Amino acid sequence: MANYVFRAPTGDGWDNLARDEWFLDHLRPEDWILYFYVNENAVIIGRNQNPWRECNLTAMERDGVQLVRRITGGGAVFHDRGNLNFSFITGADRYDVEAQHEIILRAVRSFGIPCERSGRNDLLADGKKFSGNAFISRGRLRQHHGTLLISADLTRLQQYLNPDPLKLQAKGVTSVRARVTNLSALSPEVTRLSLEAAVRSAAAEVMGPLTEFEPTAEMEAQLAEYRAKQASWQWRLGKTPAFDASLSTRFDWGGVELLFTLQAGTVSAVQVYSDALDPELAGQLQTRLTGCPFQSRALAAALADSSNPQMDDVARFLLEQGL
């Protein structure tokens, strides 16, 4: 039985969440680990969330912000270098949410900041949220992870969590925009390094001495598969719950309204309404778009080589949407 601590060597969200899941699958149930990581410029969505509903995907692509889907539930958050993320992983016998929250609260209080737990998921200071938490069980192992706001750019939080102006009717989970605060605003002594040291110290007090976890060559080899999953379109966008979306515009030759029914990020059906003079256009659009991933490039490509200038106009419109 061992107590480990490990800090991720990268700021890549797909790498970091890959390690988080690897620990959940491979840690011995009798062991306990505190895993730290920092995601640079990433929007992290919950397992059951709809990224088209939650995120401004166009702004994220423009600014090089990663879309990362975690394996736990909960809402969407923006991570930058002003966040310190933590994960507690252990077997069912040693898993203790109260003790794990106590570690974080004790660390924050060491800076003279009064704080408390609110409900099951949030930690508050000065009545504002500085930490959101999420949980998962897999086999004999349990995971509790969360983020700590230290000096995050809260204006970017809102920028990237604003949805694109699509008329979406989501069946997924909609994030609650809670009032949040940076811990550095409550105590200038709080930095990523000082808070990490405080959490390590509190963990040793609660759990006992900690040993640095040493990755093995076997672990590094296995991580490639986990990262491939994290980076895949299928996991990040294809995991989206079923939802409907409508896109409409008007061309010189008439208006077009596309009503999409989607499943797992793919168009399972589409209804087309148009006042175009071509009576075959709606049916052709339906045939070509059904079965496509709900991405602008894929949708536009499905309409290529049609020898129909009106369909070419629709393709350009879809490409401009930044889906």
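**Exercise 1. Count the aromatic pairs in this predicted model, then classify the one formed by Phe-78 and Tyr-160.**

Start with the tally: searching the whole structure turns up 15 aromatic pairs. Now zoom in on Phe-78 and Tyr-160, whose ring centres sit 5.3 Å apart, with 35° between the planes. Planes under 30 degrees apart would count as stacked and over 60 as edge-to-face, so this pair is tilted. Next, place the partners: Phe-78 belongs to strand 5 and Tyr-160 to helix 5, 82 residues apart, so the pair links distant parts of the chain. Last, check exposure: Phe-78 is buried, at 1% relative accessible area, and Tyr-160 is buried at 1% too.

**Exercise 2. Do the same for Phe-251 and Phe-317.**

Here the centres are 6.4 Å apart and the planes make 90°. That is over 60 degrees, so call it edge-to-face. Phe-251 comes from strand 13 (residues 243–251) and Phe-317 from helix 11 (residues 309–320), with their positions 66 residues apart. Both rings belong to buried residues.

**Exercise 3. Work out how the sheet containing strand 5 is laid out, and where helix 5 goes.**

Write down the order first: 4-3-5, an open three-stranded sheet with mixed pairing. The edges are then strand 4 (66–69) and strand 5 (77–79), each pairing on one side only. On average, neighbouring strands are turned by 30° against each other, ignoring direction. Now add helix 5 (residues 154–161): it packs on the sheet, touching strand 3 and strand 5, and its direction makes about 125° with that of strand 5. For one pairing in detail, strand 3 (residues 42–45) runs parallel with strand 4 over four bridges, and Ala-42 stands opposite Gln-66.

Methods
Residues are numbered from 1 along each chain as its sequence is written. This is a predicted model: local features need pLDDT of at least 70, side-chain atom pairs count only at pLDDT 80 or more; totals for chains, interfaces and linings use all residues. Side-chain values use heavy atoms; hydrogens and water are left out. Two strands pair if DSSP finds at least two bridges between them. Helices (H or I, at least four residues) and strands (E, at least two) are DSSP runs, numbered from the N terminus. Axes are lines fitted to C-alpha atoms, for helices over the stretch in contact, and angles run from 0 to 180 degrees between N-to-C directions. Contact means heavy atoms within 4.5 Å. Rings of Phe, Tyr and Trp (its six-membered ring) pair if their centres lie within 6.5 Å; planes under 30 degrees apart count as stacked, over 60 as edge-to-face and the rest as tilted. Buried means under 20% relative accessible area, exposed over 50%, partly exposed in between (1.4 Å probe, protein chains only).
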